[in-house]
Every structure is written in structure tokens, then in C-alpha cells.
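Dear colleague,

I am passing on the structure we spoke of, and I would be grateful if you could read the notes beneath with the model open beside them.

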Amino acid sequence: MGMTDVLIVGAGPTGLVLACDLARRGAAVRIVDRSPVPPRTSRAKGPNARSLEILDDLGVAEEVLAAGSAPLPMLKYRDRLPVAETDPWADSAPSPDAPYDRGRLIAQWRLEEILRDRLAGYGVRVELGREVTGLAEGPGGRHVDVTFAEGRTERARYVVGCDGAHSSVRKLLGIGFEGTTAEDQVMVCGDVDLADGALDRTRWHQWFDEDGAVMLCPIPGTRTGWWFQAGPERDGRGRPLAPTADGFRR
Ligand SMILES: Cc1cc2nc3c(=O)[nH]c(=O)nc-3n(C[C@H](O)[C@H](O)[C@H](O)COP(=O)(O)OP(=O)(O)OC[C@H]3O[C@@H](n4cnc5c(N)ncnc54)[C@H](O)[C@@H]3O)c2cc1C
């Protein structure tokens with residue numbers, strides 16, 4: 001059985017950054033993800049300033065800066081009328097300690113594309129559609145046998161779990177997850193298209209009300225794409241209702 005140095009489970013931002021770092025240091029690295037296609041779901045709006053330093057070290061900061069946009073001022077509405085505009089970064093400036101004074105807006109799927117391209121430059125490609133279902137430590141801890149959903153077993157010197165908040169690797173190792181989850185604190189998120197020119201794309205629009213909030217932020221690199229985020233409607237006892245377009249219109 002062939003053995004790789006490091007098998008990374010999960011090709012989100014964490015796994016991809018680690019894979020790029022190990023690959024450039026000459027480690028034999030493989031990276032697998034259970035998703036059959038690269039994820040295109042609506043998630044993070046971009047790396048913060050300190051993360052940009054890491055991306056710079058990996059040689060992709062320029063590309064990330066070019067593909068994204070500066071964080072936008074937030075325009076807040078009440079009763080449909082704009083009432084306040086805030087720009088948390090208005091007075092920030094780069095310093096020797098912090099060369100990036102602010103993060104960058106960029107869709108998570110776009111950032112992952114850039115990292116996958118970087119990794120491909122080292123000859124490493126994400127192995128898609130490969131779900132890890134089992135781990136077994138070899139004698140003396142010298143290797144790990146990794147079982148996949150399709151039934152194959154492969155051997156690695158090290159396995160790194162970068163498989164997200166619900167991590168299979170964590171569960172397979174019997175490691176707990178400290179803390180609590182507030183099940184009723186939820187938000188609905190999605191990438192949506194708005195008619196061209198419907199809203200000013202130089203602002204992150206945020207409508208607030210006693211009942212909650214609806215927010216729309218333009219997705220950089222798209223012409224009509226927006227990030228939509230909103231609190232759900234709730235029933236009389238405060239329990240979240242299933243999201244509907246009518247509910248958000250209300
Ligand atoms: C709706 C939403 C909105 C968010 N908004 C923001 C935001 O505005 N700003 C921000 O900073 N963060 C935001 N986040 C958080 C951000 O998306 C996460 O912090 C980030 O994705 C974590 O990266 P990761 O690489 O650790 O894990 P993930 O991105 O979760 O990647 C884990 C990968 O592991 C794979 N995987 C899981 N199990 C297995 C297995 N058994 N075998 C193989 N592969 C497996 C999954 O398919 C996945 O691709 C948001 C998240 C969500 C869900």
C-alpha cells in the first residue's frame with residue numbers, strides 16, 4: 001500500500017491553506033473532500049486583515065485583492081428610510097505591524113477557487129467525492145489507515161481533520177465539542193440576484209425592525225449578485241418559522 005505524508009480531510013479554506021503550505025515545503029500531501037463538486041454555497045464574506053497576511057505568505061494575496069473589494073460602508077434603514085451610515089474602517093491605515101488595515105470582501109467559493117489553483121500549481125488536486133468514514137492507527141503510531149465511503153482504505157503518516165464544524169475526524173477520534181448551541185438563534189443566508197441597478201452596489205444595505213433584520217451586500221466580481229442574510233420570521237412563542245419569500249417581503 002502506497003503511503004502519503006499527510007492526508008488532509010476537508011477542502012474548505014482551512015484544508016486548502018494547510019495543503020498549500022505543506023506542498024510548498026515539499027511534503028507529499030493529498031487532500032480529499034466528500035463533496036462531489038467544489039461547494040458554491042453562500043458562506044463567508046471574506047478574510048480579515050490578519051488572514052490576508054497568511055494569504056500573502058502563500059503568494060495569493062494580490063489575486064484575492066483583485067478578485068474582491070474593500071469592505072463597504074453599512075447603510076442602515078428604519079421604516080424603509082436610510083437613517084445611518086457607518087464605515088468601521090474609515091480611520092484605519094496600514095502600519096508596519098499590520099500591513100493590511102482591513103479585510104477584503106470576497107465570496108468564500110471564489111477564495112477557495114484561488115487556493116485550489118495555487119495548490120494545483122504544486123501538482124496537488126482536491127480529490128472530490130471522497131468521504132472519510134474510518135481511521136485506524138497502525139502499530140507504534142507509525143501510520144494511519146483511512147477508510148473511505150466507497151470502501152477503499154489508504155495509508156498516511158499523518159491525517160489532519162479540516163472537515164468543518166461537524167468534523168467526522170473529530171468524532172472518529174472521540175473528541176468532544178465544548179460549548180453549547182443556541183438552536184433558536186438562526187439566520188437565513190443565500191446568494192441572490194437583483195435586477196441590475198435596483199440597489200447601490202457601493203453599500204451594504206441593512207434594514208432593521210423590532211422583528212429582525214434583512215441585509216443585502218453586493219458580491220464582488222458579479223454584476224447582479226448579492227449576499228442575502230435575514231433573521232427568520234417567528235411564531236407567537238418566538239420559535240423560528242420556515243423561511244418564505246413572502247415573509248422576507250413583510
Ligand atoms: C451560512 C454561513 C455564513 C457564514 N458567513 C461567514 C462570514 O460572513 N464570515 C466568516 O468569516 N465566516 C462565515 N462563515 C463561516 C465560514 O464559512 C467557516 O468558518 C469556514 O467555512 C470554515 O472553514 P473550514 O475549512 O474550517 O471548514 P469548511 O469550510 O466547513 O470545510 C470543511 C470541508 O470538509 C468536507 N468534509 C466534511 N466531512 C468530511 C468527510 N468525512 N470526508 C471528507 N470531507 C469532509 C466538507 O465537504 C467541506 O468542504 C459562514 C458559515 C456559514 C455556514
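What follows covers one sheet, then the pockets, and then the cavity.

Please keep in mind throughout that this is a predicted model.

To begin with the sheet, six strands form an open arrangement with mixed pairing, and their order is E4-E3-E10-E11-E12-E9. The edges are taken by strand E4 (81–86) and strand E9 (188–193), and because each of these has a single partner strand, one side of each is left without a neighbour in the sheet. From one strand to the next, the twist averages 20 degrees. At the E9 edge, the partner is strand E12 (residues 225–230), with which E9 pairs in the antiparallel sense over six bridges; within this part of the sheet, Gly190 stands opposite Phe228 in E12.

Turning to the pockets, the largest one holds about 720 Å³ of space. It is lined by 21 residues, and those closest to its centre are Trp207, Val214, Phe248, Arg249 and Arg250. Two or more residues of this lining come from each of strand E3 (74–78), strand E10 (204–209), strand E11 (212–218) and helix H6 (245–249), with E11 giving the largest share, namely four residues. Strands E3, E10 and E11 also belong to the sheet described above. By character, the lining of the largest pocket divides into nine nonpolar, three polar and nine charged residues.

The second largest pocket, for its part, has a volume of about 490 Å³, and of the 25 residues that line it, Gly10, Asp33, Cys162, Asp163 and Gly164 lie nearest its centre. The elements that give two or more residues here are helix H1 (13–24) and helix H4 (108–121), and H1 gives the most, with three residues. The lining of the second largest pocket is made up of eight nonpolar, 10 polar and seven charged residues.

Finally, how many cavities of 30 Å³ or more does the structure hold? There is one cavity of that size, and the volume of the largest cavity is about 40 Å³. Its lining consists of Glu233, Leu241, Ala242, Pro243, Thr244, Gly247 and Phe248, which divide into four nonpolar, two polar and one charged. You may wish to look at Phe248 in particular, since this residue lines the largest cavity and is also among those closest to the centre of the largest pocket.

With kind regards

Technical notes:
Residues are numbered from 1 along each chain as its sequence is written. This is a predicted model: local features need pLDDT of at least 70, side-chain atom pairs count only at pLDDT 80 or more; totals for chains, interfaces and linings use all residues. Side-chain values use heavy atoms; hydrogens and water are left out. Two strands pair if DSSP finds at least two bridges between them. Axes are lines fitted to C-alpha atoms, for helices over the stretch in contact, and angles run from 0 to 180 degrees between N-to-C directions. On a 1 Å grid over the protein atoms alone, a cavity is a set of points where a 1.4 Å probe fits but cannot get out, and a pocket is an open set with protein on both sides within 12 Å along at least five of seven lines; lining residues have an atom within 4 Å of a point. Grid points are joined across faces, edges and corners, and a volume is the space filled by probe spheres set on the points. Ala, Val, Leu, Ile, Met, Phe, Trp, Tyr, Cys and Pro count as nonpolar, Asp, Glu, Lys and Arg as charged, and the others, Gly among them, as polar.
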